[in-house]
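Colleague: I should like to learn how strand pairing, helix packing and burial are read from a model. May we work through one case together?

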Amino acid sequence: MHLSDEDKREIGQHFVFGFHGYEVSDDAKELINKYHVGNIILMKRNVQSVKQVHALVQSLQQCARDAGHMHPLMIGIDQENGLVSAFSSTAKHQAGTQFPGAMAIAATGDPEYARSCSAASAREMKAVGINWSYSPVGDVNSDPRNPVIGVRSFGDDPTKVARFAEAVGDGLIQGGVAPSAKHFPGHGDTNIDSHLGLPIINKSRAELDETELKPFKELTNAGVASIMTGHMVIPALTGDNKTPASLSRAVTTTLLREELHFGGVVVTDCLEMNAVKERQGGVPRGAVEALAAGADVVMICHTMAFHRGAMEATYEAVQKGELHMDELRKSGERITALKRKFAGSWDDVLGNPFDEKAMNALQATNKKLSEEAYAKSIALVSGSLPVFSPGKIVVMTPVVESLNAAVDDAEGVQRTGKGHVRNTAAPYYMSFAESVRRRAADVEHLVYAADFDCRRDFGEGLIFVTRNADRSAWQLDVLESVRMQASGVPIVVLASCAPYELFSGRVLGVQACVASFEYTSEALEAAASVIFNEVTPVGESPVSI
């Protein structure tokens with residue numbers, strides 16, 4: 001069959017693509033003009049400041065209007081808060097307010113913080129034109145070794161995960177941004193990262209109903225606007241051990257649409273992850289399979305060749321009768337409904353000058369809320385906090401390994417052959433050392449690797465920082481050597497990401513174990529205020545052994 005211009009415009013609505021740069025690139029223009037792409041994802045690489053993002057989004061929307069799009073673009077972003085915060089400020093750029101991520105927020109024990117922080121973050125996003133946030137994470141982190149979810153989850157209790165995820169969804173809607181619960185049907189019980197390989201979750205349907213599916217059932221019942229499908233194989237659902245959930249009709253249509261009665265938009269996770277990219281036919285074929293499975297929108301974040309390939313493969317699939325225009329149009333009605341609710345009209349999205357004064361006032365309020373939430377999230381997991389004697393305090397932080405493709409810098413970071421970052425200390429650990437310096441006159445910051453030489457003076461107190469040391473056990477080897485050398489010196493262990501190592505017998509004998517649940521500068525500043533007894537720790541770990 002011949003594809004009309006109208007058909008191609010319809011097909012374009014079923015994709016969300018990313019591009020590179022702080023301004024609208026030629027690639028982005030081609031995607032919007034030639035391929036009629038109806039949705040754009042912004043990444044950290046597109047965010048320099050709130051004002052710049054506002055200008056960028058205005059340009060993208062103008063480009064879509066000029067290209068004859070019926071409705072404004074959905075402009076999406078990965079803003080889970082915590083470690084996955086594409087819109088938040090970095091060491092280099094001042095942008096959105098940094099709020100606690102899922103596990104840190106859950107550590108407060110109060111879903112109201114999840115709601116209010118998400119609403120605050122959404123107001124900032126909406127003010128610059130972002131209208132779709134790929135959040136909340138509905139995954140239950142039931143495997144402590146999970147390399148991709150970890151502290152992005154609200155914990156290991158499905159009921160609590162559902163409660164906090166629902167609160168985040170409510171908050172985003174309050175701020176005018178569409179939430180997208182992820183990664184259906186659940187990415188929590190795996191120790192393989194779908195960025196790198198294909199995770200297989202061998203659980204019975206009854207077990208999935210008890211854990212993985214519980215939060216998503218609650219979210220669908222609450223009418224969440226969109227759900228993101230993940231690239232994991234669950235044989236009890238997919239019927240084989242090869243097909244990722246995101247490409248499975250049994251998952252997307254039979255389970256999510258028909259059984260759970262989900263009527264919102266289904267968007268896939270990015271198809272450039274190895275779990276899909278390395279399949280036969282790669283990303284373009286994956287796009288066709290995802291649409292055939294019943295996805296409304298297919299996400300491809302990085303590579304123009306894959307964007308073009310996916311569009312052309314979809315045209316061909318329609319021409320061959322593998323995909324049907326009437327089904328795509330029916331699916332397109334859901335996308336249009338999402339746009340009407342969250343993007344609005346062309347008048348809503350265009351010609352809005354950036355209100356710097358209002359943004360400054362909003363961010364000043366949000367900073368206070370963020371500080372309050374972080375202060376409530378820090379947990380004293382065991383022991384009692386020392387009062388350090390006057391004199392030198394030593395801060396030890398680990399060399400940074402690449403542990404999580406969703407969190408660690410993906411582009412432009414120089415690494416050694418062993419995967420260590422080629423700088424002396426990560427910027428967030430340098431900022432933690434500064435937090436300690438504001439509280440102690442003499443501070444020595446040491447970056448340790450597995451071969452750290454412990455023969456030295458540890459002063460009057462030691463703060464030993466770990467990052468997922470349950471998986472990188474060399475950190476605990478160093479801690480044991482340091483403990484023997486620093487006899488009589490009070491030691492506080494600070495778990496700066498997932499807290500699992502603090503439940504290990506290998507941290508016995510230290511004065512106190514503290515968890516911050518993420519290594520953002522804001523979380524580490526809050527941890528410093530707890531370690532120096534300025535703030536009473538009230539957080540509780542949302543995960544156990």
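Modeller: Let us begin with a single bridge in this predicted model. The bridge partner of G76 is W132 in β6.

Colleague: What is the general idea behind such pairing, and in which sense do β3 and β6 pair?

Modeller: Strands of a sheet pair through backbone hydrogen bonds, in either a parallel or an antiparallel manner. Here β3 and strand β6 (residues 132-133) are paired in the parallel sense, over 2 bridges. Strand β2 (residues 39-42) also pairs with β3 in the parallel sense, over 4 bridges. In that pairing, L42 stands opposite I77 of β3.

Colleague: Which helix belongs to the β-α-β unit with β2 and β3, and what is the hand of the unit?

Modeller: Helix α3 (residues 50-66) forms the unit together with β2 and β3, and the unit is right-handed.

Colleague: Are the residues on the two faces of β3 buried or exposed?

Modeller: Both faces of β3 (residues 74-77) are covered. M74 and G76 are buried on one side, and I75 and I77 are buried on the other.

Colleague: What is the strand order of the open sheet of 8 strands?

Modeller: The order is β9-β8-β7-β6-β3-β2-β1-β10, and the pairing is parallel. The edge strands, β9 (265-268) and β10 (298-300), each pair on one side only. At the β10 edge, β1 and β10 pair in the parallel sense over 3 bridges, with F15 opposite V298 of β10. Helix α12 (residues 282-293) lies across β1, β9 and β10 and runs at about 160 degrees to β10.

Colleague: How should a pair of packed helices be read, and at what angle do the axes of α2 and α3 cross?

Modeller: Two packed helices are described by the angle between their axes and the distance between the axes. For helix α2 (residues 26-33) and α3, the axes come within 9 Å and cross at roughly 35 degrees. This crossing of α2 and α3 is right-handed. A28, K29, I32 and N33 of α2 meet L60, C63 and A64 of α3. By class, that contact has 5 nonpolar, 1 polar and 1 charged residues.

Colleague: Which residues of α1 are buried, and against which elements do they pack?

Modeller: In α1 (residues 5-12), the buried residues are D7, E10, I11 and G12. The buried residues of α1 pack against β1 (15-17), α13 (304-320) and α14 (325-342).

Colleague: Turning to the other sheet, what is the order of its 6 strands?

Modeller: This open sheet has the order β11-β16-β15-β14-β12-β13, with mixed pairing. Its edge strands are β11 (379-383) and β13 (443-448), each pairing on one side only. Neighbouring strands of this sheet are turned by 20 degrees against each other on average, direction ignored. Within the sheet, β12 and strand β14 (residues 461-466) run parallel and are joined by 4 bridges, and M396 stands opposite F464 of β14. Helix α17 (residues 427-437) packs on the sheet and touches β12, β13, β14 and β15 (491-495). Helix α19 (residues 521-531) lies across β14, β15 and β16 (512-515), at about 155 degrees to β15.

Colleague: Why is I393 classed as buried?

Modeller: I393 is classed as buried because its relative accessible area is 1%, and the cut-off for burial is under 20%. I393 lies in strand β12 (residues 393-398). Beyond four places in sequence, I393 touches residues including F388, V436, V443 and I463. The C-alpha atoms of I393 and G459 are separated by 5.8 Å, although these residues are 66 residues apart along the chain.

Technical notes: Residues numbered from 1 in each chain as written. Predicted model: local features only at pLDDT ≥ 70, side-chain atom pairs only at ≥ 80, totals over all residues. Heavy atoms only, no water. Buried < 20%, exposed > 50% of the residue type's maximum accessible area, 1.4 Å probe, protein only. Contact = heavy atoms within 4.5 Å. Pairing = 2+ DSSP bridges. Right-handed = clockwise from strand over helix to strand, strands pointing away. Axes fitted to C-alpha atoms, helices over the stretch in contact; angles between N-to-C directions. Left-handed = near helix turned anticlockwise from the far one by under 90°. Nonpolar A, V, L, I, M, F, W, Y, C, P; charged D, E, K, R; others polar.
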